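Please work through the exercises below with the sequence and the model at hand. Each task is followed by a solution in steps.

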Amino acid sequence: MEKTTIYQEIQLAKAANQKLLAILLDPDKIIWEKLDSLIFKINQSPATHVFIGGSQVESNILDDLIVRIKQNCILPIVLFPGHPSQISKYADGILFLSLISGRNPDYLIEHQLNAVPVLNKTQLEIISTGYVLIESGHETAVERVSKTKPLDRNNPELVLHTAQAGEMLGNKLIYLEAGSGAKQAVPLEMISQVSKNIQIPLIVGGGIVDLTAIEKAYQAGADLVVIGTAFEKNADFFNTKIKL
């Protein structure tokens, strides 16, 4: 029997209303002496995926980090790159992101074009993802690095149309992102409106600081929630179990 792909598993989970959770690790913020402990905490958490990447990864430890994680963690590792340099053949898949909320051609198609020769040399599962940046109360790293403005959090219709355009273009996932360390998460009403009006799975991340916020995002319609900064600051974040 042919092995189920990462994307097929996400689709099956959506169909079964089984909620998914990704822990996002930024290689630049990894403390190597604490990595084994971090992996243990990930294994003890309700996480279903590990995302790896950041807006600007300055270190050259991506391959080593993924290899180390895979030694003691069976969760699929999915790249969440901000640049073609953030690709590793050792991961299981990659969110092939297009920043469809912005109008900077580098993040709409140029970086993707430059990534092709690298990706062609790997066996990574490539998952086309429409990436939508939402205003979150202050300038995030994504906004600063991509030189694009986020969409107005008070204009859900524009966000919905952007998500629908991404789906019509053939994206397999839509990712509503408030940004790393966002002061405000993506509005629940926005999550709900987008979720009800697209057929593809919906990822939500940024500004989610506690278990209650995760649960509310699920209830609003998120199929997969991403937690990053809060877990970085507190590896015991999931000591209070949530039901997925």
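The exercises concern a predicted model and treat its sheet, one of its strands and some of its helices.

**Exercise 1. Determine the order in which the strands close into a barrel, and the sense of their pairing.**

Solution. Step 1: follow the pairing from strand to strand. Eight strands close into a barrel, in the order S1-S2-S3-S4-S5-S6-S7-S8, and the pairing is parallel. Step 2: consider the twist. On average, and with direction ignored, neighbouring strands of this sheet are turned by 30° against each other. Step 3: examine one pair. S3 and S4 run parallel and are joined by two bridges; across this pair, Val78 stands opposite Gly93 in S4.

**Exercise 2. Describe the surroundings of strand S5 (residues 125-133), and state whether it is largely enclosed or not.**

Solution. Step 1: take the side of S4. Strand S4 (residues 93-99) pairs with S5 in the parallel sense over seven bridges, and the bridge partner of Gly93 in S5 is Glu125. Step 2: trace the connection. Together with helix H4 (residues 105-119), S4 and S5 make a right-handed β-α-β unit. Step 3: take the side of S6. Five bridges pair S5 in the parallel sense with strand S6 (residues 173-177), where Tyr131 stands opposite Tyr175. Step 4: apply the burial cut-off of under 20% relative accessible area. Seven of the nine residues of S5 are buried, so the strand is largely enclosed by the rest of the structure.

**Exercise 3. Establish which residues of helix H1 (residues 6-15) are buried and what covers them.**

Solution. Step 1: list the buried residues, which are Ile6, Tyr7, Ile10 and Ala13. Step 2: view them down the axis of H1. They fall within an arc of 120°, so they line one face of the helix. Step 3: turn to the face directed away from the buried side, which carries the exposed residues Leu12 and Ala15. Step 4: identify the cover, which includes strands S1, S2, S3, S4, S5 and S6. Step 5: note what comes after the helix. H1 is followed by Asn17, whose phi is positive, near 55°.

**Exercise 4. Characterise the packing of helix H7 (residues 188-197) on helix H8 (residues 211-220).**

Solution. Step 1: give the geometry. The helices pack at an angle of about 35°, and their axes are 8 Å apart. Step 2: name the contact residues. H7 contributes Leu188, Ile191, Ser192 and Ser195, while H8 contributes Lys216, Ala217 and Ala220. Step 3: sort them by class. The contact of H7 with H8 has four nonpolar, two polar and one charged residues.

Terms used: Residues are numbered from 1 along each chain as its sequence is written. This is a predicted model: local features need pLDDT of at least 70, side-chain atom pairs count only at pLDDT 80 or more; totals for chains, interfaces and linings use all residues. Side-chain values use heavy atoms; hydrogens and water are left out. Buried means under 20% relative accessible area, exposed over 50%, partly exposed in between (1.4 Å probe, protein chains only). Helices (H or I, at least four residues) and strands (E, at least two) are DSSP runs, numbered from the N terminus. Two strands pair if DSSP finds at least two bridges between them. A crossover is right-handed if, with the strands pointing away from the viewer, the path from the first strand over the helix to the second runs clockwise. Axes are lines fitted to C-alpha atoms, for helices over the stretch in contact, and angles run from 0 to 180 degrees between N-to-C directions. Contact means heavy atoms within 4.5 Å. Ala, Val, Leu, Ile, Met, Phe, Trp, Tyr, Cys and Pro count as nonpolar, Asp, Glu, Lys and Arg as charged, and the others, Gly among them, as polar. The arc is that of the directions from the helix axis to the C-beta atoms.
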